[in-house]
Amino acid sequence: MDSFISRYYMHLCIGGATICSLLLGYDVGVMSGAILFIEKQMQLSDWQKEIVVSSLNLVAVFGSLFAGKIADWKGRTFTMKVLSMIFVVGAIVMAIATNFWILLLGRVISGWACGGGLVVAPLYVAEICSTKMRGKMVSVCEIMINIGILVGYISGYAFSFLPSTISWRWMLGSGGFLGLLLFAIAFILPETPRYLISENKIEVARTILLKYNSEFDTENTIQAICTSLEELKSMDRLSWSQ
């Protein structure tokens with residue numbers, strides 16, 4: 001079992017992190033079915049339906065900016081925990097919504113988390129995997145978005161057989177379970193070597209890298225990260241006049 005975990009350690013980490021992407025896909029997919037029942041129960045106008053559906057994409061822009069700052073400040077896995085809890089709150093608010101404004105509030109909260117996930121998932125994957133696998137593994141994030149959309153469609157179909165007054169609540173609220181899953185997994189995921197080295201935790205980063213790299217590749221990776229961070233610091237010190 002230990003050899004299996006060691007061999008596929010990087011893949012397990014990537015699989016856990018890309019749940020962030022799955023959450024975005026799920027929220028996009030499930031709303032296409034839920035809005036049909038919400039429209040009838042809340043008597044939504046066309047512009048209200050448009051706002052509810054599209055608000056997630058608009059707010060996601062700001063969520064991505066927020067997540068990037070937090071990821072640099074407190075780490076990638078910490079940011080995943082925060083985003084997962086925001087998503088859970090958003091799912092609960094949508095599930096208990098009694099009118100358009102509460103539903104929109106829940107959608108905005110979820111959009112904030114989804115936008116953050118679009119940044120953190122590929123960032124984590126790019127930093128945790130080896131350079132030889134980086135391009136291939138980052139694309140998994142895009143695949144997980146599409147899988148999330150499919151899961152959202154399946155959820156919409158499955159819950160559509162419930163009474164119309166509660167079916168859409170289950171569709172939207174069930175996304176919270178994915179958020180809780182991400183929250184639990186984030187406690188298991190290791191921090192990325194790049195972030196650890198930026199915090200002068202080189203030995204911890206070395207321990208993580210050795211789980212899926214040779215000693216030679218590990219030392220080269222650490223050196224490359226240190227060089228990259230030094231270059232970024234030197235660029236930050238340059239003024240516009242220089």
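I began with helix α4 (residues 46-74), where Asp-46 and Lys-49 both lie, three residues apart, about one turn of the helix; helices here are DSSP runs of H or I with at least four residues, numbered from the N terminus. I noted that this is a predicted model, in which local features need pLDDT of at least 70 and side-chain atom pairs count only at pLDDT 80 or more, while totals for chains, interfaces and linings use all residues. Residues are numbered from 1 along each chain as its sequence is written, and side-chain values use heavy atoms, with hydrogens and water left out.

Entry on the α4 pair. I found that Asp-46 and Lys-49 form a salt bridge with their closest N and O atoms 3.5 Å apart, the term meaning a side-chain nitrogen of Lys or Arg within 4 Å of a carboxyl oxygen of Asp or Glu. I looked up accessibility next: Asp-46 counts as exposed at 53% relative accessibility, whereas Lys-49 counts as buried at 19% (buried is under 20% relative accessible area, exposed over 50%, partly exposed in between, with a 1.4 Å probe and protein chains only). I also saw that Glu-39 joins Asp-46 and Lys-49 in a network of salt bridges.

Entry on the other bridges. I read that the structure holds seven salt bridges, and I followed up two more pairs. One of them joins Asp-27 to Arg-107, with the closest N and O atoms 4.0 Å apart. This pair links distant parts of the chain, since Asp-27 sits in helix α3 (residues 19-42) and Arg-107 in helix α6 (residues 100-128), 80 residues apart. I noted Asp-27 as buried at 1% relative accessibility, and Arg-107 as buried with a relative accessible area of 2%.

The side chains of Arg-206 and Glu-219 meet in another salt bridge, at 2.8 Å from N to O. I placed Arg-206 in helix α11 (residues 202-209) and Glu-219 in helix α12 (residues 215-237), 13 residues apart. Arg-206 counts as buried at 18% relative accessibility, while Glu-219 is partly exposed at 32%.

Entry on helix packing. I found helix α8 (residues 164-173) packed with helix α9 (residues 175-186) at an angle of about 15°, their axes 4 Å apart. That makes α8 roughly parallel to α9, a label for angles under 35 degrees. In α8, Met-171, Leu-172 and Gly-173 meet Gly-175, Gly-176 and Phe-177 of α9, contact meaning heavy atoms within 4.5 Å. By class, I recorded three nonpolar, three polar and no charged residues in the contact of α8 with α9, with Gly among the polar ones.

How values were computed. Helix = DSSP H or I, 4+ residues; strand = E, 2+ residues; numbered from the N terminus. Axes fitted to C-alpha atoms, helices over the stretch in contact; angles between N-to-C directions. Parallel < 35°, antiparallel > 145°, perpendicular 65-115°, else oblique.
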